[in-house]
Amino acid sequence: MDFPISGVHLSPFWLIGIGFVVGVLGGFFGVGGSFLAAPALYMLGLPMHFVVGTDLAHIMGKSVVAAKKHFKLGNVDVKLGLVMVGGTIAGVELGAQAVQALKRQNLADVVLGCAFSAILIALSAFIGWESLSALKRRGRSGQVKVAGTVQDRIHFTDLIKKARSFRLPPYVSFPASGIAKISLWAVLGVGLLGGFFSGLLGGGAGYIRMPSLVYVLGVPTHVAIGTDLFEVIISAGYGTVSHALKGNVDILIALVMHTGAAVGAQIGAAATEQFRGPKIRLAFAPLPILGAAVLIYDLFHKGLLKL
Amino acid sequence: MKKKGGLRAVGSYGLLLLEVGVYALLVTGYLLLVLQSLRPFLLDTFEHWRILYACLAVLLMLGQGFVLEFLTSLLVGLFARTRRRDGRATSGVS
């Protein structure tokens, strides 16, 4: 099938297949799935700047499906999601501007590819270590008290304690996430970080935001998944408009991918009911490495990186 | 008894396959009719009216998101209802 907007010829079956896989993963882990979809699209032959924009559009549509499902399951903290929006949008715009700057210098493919791979590997290692440590702490229930509120069993709580004790008014509370009092700036900071990576590397940046919600704000994993999807809709929606204006979105590719993702997202979201927080995080850990491996292979295969 | 259970399981999976088949047929029709006919229009807006293209991109994704969510929920619901009915039939036999 020809896609004249980006000027490529791609099989719709591959696009639907990729959409289905990232749909299942997105529904289950609350992430956009760009850590797999972006390398896969790049491998199929889509230029990197189109990968970033198109992936954002596809993720927005898919997240609507998964977020609706999570909302029904009571996993979305709407107040937290809305408060984070300011930081997220500012971050997306910063990231999109950085992509434009790299495009002007013809460095987009190499820099974005290398940065994306490094972040994905670091993230995998950290989440794998943390969730294994949390699961090893036997003899306790599935939850632990952090700063007076009941949370998931988390091994790494240093950042949560720092974020909760950050003293800069105004303060906000998120009862649905078990947060009694936290500085608004800490919440906006998490939104800004996720938004920046969303605008820079494409996708909803759930691979950054979901762990940030758990490890920085101390949001229970199930609520982090649902709230992240809610945030992904906003950040990916804004990113889609921003990148479409800059000519980085092939909406036809996104629409084809989304036909597979719609089914996958429903299956993934329903499956979260069967697992506890640390197990979901442990299952998530190897996935970013998979995305990084595909990306690194592509960079070498296309001669952009040499040994 | 085992044979009956096995036949029922095959029936359930057969139904799932049928529903996936129906979904695949709908998607193929959608790809051929809607996307093919939208292609020249979207290319034109991409080249000449970028703001309109950006708005259309968001609207199309959201619209397709809601329509496909409705469609898949319907199919998954149908499948779950059939499974429940089969389950009740099994317990009745036992």
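Colleague: I'm new to this one. Which residues in α1(A) and α2(A) meet?

Modeller: From α1(A), W14(A), I18(A), V21(A), V22(A) and L25(A) come up against L36(A), A37(A), A40(A) and L44(A) of α2(A). Sorted by class, this contact has 9 nonpolar, no polar and no charged residues. Keep in mind that you're looking at a predicted model.

Colleague: Noted. At roughly what angle do the axes of α1 and α2 of chain A cross?

Modeller: Helix α1 covers residues 12–29 of chain A and helix α2 covers residues 34–44; their axes come within 10 Å and cross at roughly 165°. An angle over 145 degrees counts as roughly antiparallel, so that is how α1(A) runs relative to α2(A). As for handedness, α1(A) makes a right-handed crossing with α2(A).

Colleague: Let me try another pair. At what angle do α8 and α9 of chain A pack?

Modeller: About 140°, with 9 Å between the axes of α8 (residues 206–217) and α9 (residues 221–245) of chain A. These two helices are therefore oblique to each other. Again the crossing is right-handed, with α8(A) passing α9(A).

Colleague: And which residues of α8(A) and α9(A) meet?

Modeller: On the α8(A) side you'll find G206(A), R209(A), M210(A), L213(A) and V214(A). They meet T221(A), A224(A), I225(A), T227(A), D228(A), E231(A) and V232(A) of α9(A). By class, the α8(A) contact with α9(A) has 6 nonpolar, 3 polar and 3 charged residues.

Colleague: Now a single residue. Where is N75(A) found?

Modeller: Look at the loop between α3 (48–72) and α4 (78–104) of chain A.

Colleague: Does N75(A) count as buried or exposed?

Modeller: The trick is to count C-beta neighbours: N75(A) has 25 of them inside 10 Å, so this residue counts as buried. Setting aside neighbours within four places in sequence, N75(A) is in contact with H70(A), H222(A), V223(A), I225(A) and G226(A). You met I225(A) a moment ago, in the contact of α9(A) with α8(A). For another pair along the chain, N75(A) and G268(A) are 193 residues apart, and their C-alpha atoms are separated by 14 Å.

Colleague: What about the nonpolar core? Which residues of the largest one touch the most other members?

Modeller: The general idea is that nonpolar side chains tend to be buried together in soluble globular proteins. In this model, the largest nonpolar core has 107 residues, and the ones touching the most other members are L217(A), I233(A), I251(A) and A57(B). Try I251(A): leaving out neighbours within four places in sequence, its contacts are A57(A), L42(B), A57(B) and L60(B).

Colleague: That brings in chain B. How many residues does the contact take from chain B and from chain A?

Modeller: There are 26 residues from chain B and 26 from chain A. On the chain B side, the elements giving two or more residues are α1 (2–48) and α2 (50–93). The largest share, 17 residues, comes from α2(B). By class, the chain B side has 19 nonpolar, 4 polar and 3 charged residues.

Colleague: Last one: how many helices and strands does chain A have?

Modeller: Chain A has 12 helices and 6 strands, while chain B has 2 helices and 0 strands. For burial, 59% of the 307 residues of chain A count as buried, and for the 94 residues of chain B the figure is 15%. One more for chain A: take contacts between residues at least 6 apart in sequence, and 79% of them join residues at least 24 apart.

Key: Residues are numbered from 1 along each chain as its sequence is written. Chains are lettered from A and ligands numbered from 1 in the order in which they are written. This is a predicted model: local features need pLDDT of at least 70, side-chain atom pairs count only at pLDDT 80 or more; totals for chains, interfaces and linings use all residues. Axes are lines fitted to C-alpha atoms, for helices over the stretch in contact, and angles run from 0 to 180 degrees between N-to-C directions. Helices (H or I, at least four residues) and strands (E, at least two) are DSSP runs, numbered from the N terminus. Angles under 35 degrees count as roughly parallel, over 145 as roughly antiparallel, 65 to 115 as roughly perpendicular and the rest as oblique. A crossing is left-handed if the near helix is turned anticlockwise from the far one by less than a right angle, and right-handed if clockwise. Two residues are in contact if their C-beta atoms, placed from the backbone, lie within 7 Å. Ala, Val, Leu, Ile, Met, Phe, Trp, Tyr, Cys and Pro count as nonpolar, Asp, Glu, Lys and Arg as charged, and the others, Gly among them, as polar. A residue is buried if 20 or more other C-beta atoms lie within 10 Å of its own, exposed if 12 or fewer, and partly exposed in between; C-beta atoms are placed from the backbone. A nonpolar core is a set of buried Ala, Val, Leu, Ile, Met, Phe, Trp, Tyr and Cys residues joined through C-beta atoms within 7 Å.
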